[in-house]
Amino acid sequence: MSADEDYVYDEDSGEWMPASELAAKQAAANRVEVRDAVGNVLSDGDQVTLIKDLDVKGAGQTLKQGTLIKSIRLTGDPQEIDCKYPGIKGLVLRAEFVKKR
């Protein structure tokens, strides 16, 4: 925080605070927490394994339990993660079917 920083009014707390603090507080509030099947918090780049066999619609193939998915990406939805897997484009998995590695 610099000495010449603008102060803004925070509607939630009813206090005046530096603009940078308010921006950080709002960013934290907008962050979606994605948890796997056992409650571990997932983040971009994590590796996960499947906890059950999943039929992939449109690909005509089944991903088996224990399959390793590398480098996931969060979508902003608390239940969905974007994944890359050889031979399947645009794979989106539900967080309830994966476990963080």
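Me: What makes the meeting of the Asp36 side chain and the backbone nitrogen of Lys100 a polar contact?

Reply: The Asp36 side chain reaches that nitrogen at 2.7 Å. A polar contact is a pair of N or O atoms within 3.5 Å; within protein, one must be able to donate a hydrogen and the other to accept it, and residues adjacent in sequence count only if both atoms are side-chain atoms. So 2.7 Å falls within the limit. The side chain of Asp36 also has a polar atom 2.7 Å from the backbone nitrogen of Asn40.

Me: Happy with that! What should I keep in mind about the model itself?

Reply: This is a predicted model, in which local features need pLDDT of at least 70 and side-chain atom pairs count only at pLDDT 80 or more, while totals for chains, interfaces and linings use all residues. Residues are numbered from 1 along each chain as its sequence is written, and side-chain values use heavy atoms, with hydrogens and water left out.

Me: How do you know whether Asp36 has a salt bridge?

Reply: A salt bridge needs a side-chain nitrogen of Lys or Arg within 4 Å of a carboxyl oxygen of Asp or Glu. For Asp36, the nearest side chain of opposite charge is Arg35, 7.0 Å away, so Asp36 has none. Here Lys and Arg count as positive and Asp and Glu as negative, with His and the chain ends not counted. Asp36 is nonetheless buried.

Me: Why is the Asp46 and Lys100 pair called a salt bridge?

Reply: The N to O distance between their side chains is 3.6 Å, which is within 4 Å, so the pair qualifies. It links distant parts of the chain, 54 residues apart: Asp46 in the loop between β4 and β5, Lys100 in strand β12 (residues 98-100). Strands are DSSP runs (E, at least two residues), as are helices (H or I, at least four), numbered from the N terminus.

Me: Buried or exposed: what is Asp46 called, and why?

Reply: Buried means under 20% relative accessible area, exposed over 50%, and partly exposed in between (1.4 Å probe, protein chains only). Asp46 has 14%, so it is buried, whereas Lys100, at 31%, counts as partly exposed. A polar atom of the Asp46 side chain also lies 2.8 Å from the backbone nitrogen of Ser43.

Me: What makes Lys25 and Asp10 a salt bridge, and which parts does the pair tie together?

Reply: Their side chains meet at 2.5 Å, N to O, so they satisfy the 4 Å limit. Lys25 lies in helix α1 and Asp10 in strand β1 (residues 7-10), so the pair ties together parts 15 residues apart in sequence. Asp10 is buried because its relative accessibility is 4%; Lys25, at 37%, is partly exposed.

Me: Why does Val32 count as partly exposed, and what does Val32 touch beyond its neighbours within four places in sequence?

Reply: Its relative accessible area is 34%, so Val32 falls between the buried and exposed limits. Contact means heavy atoms within 4.5 Å, and Val32 is in contact with Gly76, Asp77 and Pro78, leaving aside neighbours within four places in sequence.

Me: How do you know that Glu96 forms a salt bridge with Arg94?

Reply: Their closest N and O atoms are 3.1 Å apart, so this pair too is within the 4 Å limit. Glu96 is partly exposed, with a relative accessible area of 37%, and Arg94 is partly exposed at 36%. In total, the structure holds 5 salt bridges.
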